[in-house]
Amino acid sequence: MTVAGKLSNYVEMKKKPRLNFWQLWNMSFGYVGIQFGFALQNANMSRIFETLGARVENIPILWIAAPVSGLLIQPIIGHLSDKTWNRLGRRKPYFLGGAILSSFALLIMPNSPSLWVAAGMLWMMDGSINVTMQPFRAFIGDMLPDEQRTQGFAVQTFFIGISSVVASALPYMFTNWLHIANTAPEGQIPPSVKWSFYIGGVVFLLAVLWTIFSVKEYSPEEQEEFNAHETDAAAKEGADIKLDTRSYHTTGAILLAAGLILSGLVYSLHWDKGLFILTFGVAFYGVLQIAAAIRYSLRKVDGLVEIIYDLQNMPATMKQLAWVTVFTWFALFAMFIYTTSAVTSYHYGTTDAKSDLYNDGANWVGVLWSVWNAMAAIVAFLLPVLARKIGRVSTHVICLFIGGLGLISMILFKEPGWLLISMIASGIAWASLLTMPYAILSSAVPHRKMGVYMGMFNLFVVIPQILASAILGLLVHTVFHGQAIYAIVLGGGAMIFSGVLMMFVKDAKSERDSNAQSVAGSH
């Protein structure tokens, strides 16, 4: 491109105004409600399932709602919100609908009369939270200029950290501060848990309503003025989309066959049942590719065709971030699954869940998670400052290395108190993970498809979770001889490797800034 061509891209394109701190605060305040919902779910659902009669070994299958709903709902809601514009706006209709359903589910959940009602409500709650959460990611990209998006996602990270600490502690606070009962007759949910969910339902709706009424979205016309430079393949939609139907038919058939064969292997070799999500997913995606090709041949370029096209034509930066995210979330899920087992067995020296020593260790793990979330909330405000100095890619690389070393250090510290250092280090990585990839991604994807690509990015969060739950269990049982601490160490290694991969990610914002500077310098 000539210097004049480059210059026109930067002169003619209208620039989004920067928002002040309180506007950023209002924009992301709805995340307080979202994280209240997720934190209450994560901290209490296994307890509710067991209270209603679930056997411990069957609890993982009841949790299948989270990955499946995220896989299916986020790309669809992202695509729909990209196409929406009405009196409420572009993303806000989904904020409102998801918040109402989520709040209803939070109020009903602790009153579930049976296990399968509770399982059904978990599907509804998790799906509804995904409906609300997914557009909030795209909302930052819609509303903020490139140079402020790191700060915007950092504010979301702050709310995630603080809300997680408060929501997770609600049953404890109700029991110890307000003296609400923490036990109940067999088959009934304790009042402390019920009231936690009631508060969560109210907070969820009010927090999202605050964002809806305090922020005005840009119109489609304004967005076009802000983003006039987008011309790549990922930006194409409708009649501009060109599909190689033969390639789609061939690839679809291969994926369908591969998915069915892999499903047969999982069944016949008695592998972890969670792998069926991935194997059936591969087969299902093959079917979708074939269906998209058929509909395109019939000149029906609708939502299905566009979504499949978008997935096939992800921007290069998104593909690079995908690999980083897969290894990072593999590490995190190892941490989520095995921290309690690792600390109680390795640092407290017991596997007897009924012993006082075990429960002391489990209680200490609760403290460690609080420190982890609190650290993420604190670091969130430092990340934009560091990113301005050394760039978003380098910032994330440093944080991932720190986090990986933090996880590995858990095997080096024998005294439980020293684990605070490990959790502080991994909390730094957690803060960056919730901020930097989304800020970089928002600069790489076309504005018309901010929602669908943010939703698709969730694929690379969910897939490693499913793989981790299947692979790590086998490794702990066989290679690690039941010692969960080695799963944490493996996770640390995966996080460091993700940091290495991150070094090769190209940040579109940095490239645009460099081009703008070169154009300015030539004049």
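## Buried serine, crossing helices

Ser426 is a buried residue, with a relative accessible area of 1%. Ser426 sits in helix α18, and this briefing starts there before turning to other helices of the chain. Please keep in mind that the model is predicted. The chain holds 23 helices and zero strands, and 52% of its 523 residues are buried.

**The chain as a whole**

- Helices number 23 in this chain, while the count of strands is zero.
- Contacts that reach along the sequence are a good place to look next: among those between residues at least 6 apart in sequence, 81% join residues at least 24 apart.

**Ser426 and its helix, α18**

- Helix α18 spans residues 419–433, which gives 15 residues.
- From the first C-alpha to the last, α18 reaches 21 Å, close to the 21 Å expected at 1.5 Å a residue.
- How much of α18 is covered? Most of the helix is, with 12 of its 15 residues buried.
- The buried residues of α18 include Ser422, Met423, Ala425, Ser426, Gly427 and Trp430.
- Leu419 and Leu433 are also among the buried residues of α18.
- Beyond residues up to four places away in sequence, Ser426 touches Met335, Trp372, Gly403 and Leu407.
- Ser426 and Leu405 lie 8.1 Å apart in space, C-alpha to C-alpha, with their positions 21 residues apart in sequence.

**Gly404 in α17**

- Gly404 belongs to helix α17, which covers residues 392–409.
- Gly404 has 0% relative accessibility and therefore counts as buried.
- Which residues does Gly404 touch, not counting residues up to four places away in sequence? They are Gly492, Met495 and Ile496.
- Gly404 and Ser498 are 94 residues apart in sequence, yet their C-alpha atoms are 9.1 Å apart in space.

**Pro464 in α21**

- Pro464 is found in helix α21, residues 459–477.
- Pro464 counts as buried because its relative accessibility is 1%, and the cut-off for buried is under 20%.
- Pro464 is in contact with Thr325, Val326, Trp329, Phe330 and Leu459, once its neighbours within four places in sequence are left aside.
- One of these partners, Val326, is 138 residues from Pro464 in sequence and 5.4 Å from it in space, C-alpha to C-alpha.

**Helix α13**

- Helix α13, residues 303–312, is mostly covered, with seven of its 10 residues buried.
- Those buried in α13 are Val305, Glu306, Ile307, Ile308, Tyr309, Asp310 and Leu311.

**α9 and its partners, α3 and α2**

- Helix α3 (residues 30–51) and helix α9 (residues 191–214) have axes that come within 7 Å and cross at roughly 160 degrees.
- How are α3 and α9 oriented to each other? An angle over 145 degrees counts as roughly antiparallel, so α3 and α9 are roughly antiparallel to each other.
- The crossing in which α3 passes α9 is left-handed.
- On the α3 side, the residues that meet α9 include Gly30, Gly33, Phe36, Gly37, Leu40, Asn44, Arg47 and Ile48.
- On the α9 side, the residues that meet α3 include Val193, Phe197, Gly200, Val203, Phe204, Ala207 and Thr211.
- Sorted by class, the contact of α3 with α9 has 12 nonpolar, seven polar and one charged residues.
- Helix α2 (residues 21–28) is another partner of α9: their axes come within 7 Å and cross at roughly 130 degrees.
- That angle makes α2 and α9 oblique to each other.
- Asn26, Met27 and Ser28 in α2 meet Trp210, Thr211 and Ser214 in α9.
- By class, the contact of α2 with α9 has two nonpolar, four polar and no charged residues.
- Thr211 of α9 appears in the contact with α3 and also in the contact with α2.

**α14 and α22**

- The axes of helix α14 (residues 316–347) and helix α22 (residues 485–502) come within 7 Å, crossing at roughly 160 degrees.
- It follows that α14 and α22 are roughly antiparallel to each other.
- α14 makes a left-handed crossing as it passes α22.
- How many residues of each class does the contact of α14 with α22 have? There are 21 nonpolar, five polar and no charged residues.

Note on methods: Residues are numbered from 1 along each chain as its sequence is written. This is a predicted model: local features need pLDDT of at least 70, side-chain atom pairs count only at pLDDT 80 or more; totals for chains, interfaces and linings use all residues. Side-chain values use heavy atoms; hydrogens and water are left out. Axes are lines fitted to C-alpha atoms, for helices over the stretch in contact, and angles run from 0 to 180 degrees between N-to-C directions. Helices (H or I, at least four residues) and strands (E, at least two) are DSSP runs, numbered from the N terminus. Angles under 35 degrees count as roughly parallel, over 145 as roughly antiparallel, 65 to 115 as roughly perpendicular and the rest as oblique. A crossing is left-handed if the near helix is turned anticlockwise from the far one by less than a right angle, and right-handed if clockwise. Contact means heavy atoms within 4.5 Å. Ala, Val, Leu, Ile, Met, Phe, Trp, Tyr, Cys and Pro count as nonpolar, Asp, Glu, Lys and Arg as charged, and the others, Gly among them, as polar. Buried means under 20% relative accessible area, exposed over 50%, partly exposed in between (1.4 Å probe, protein chains only). The expected span of a helix is 1.5 Å times one less than its number of residues.
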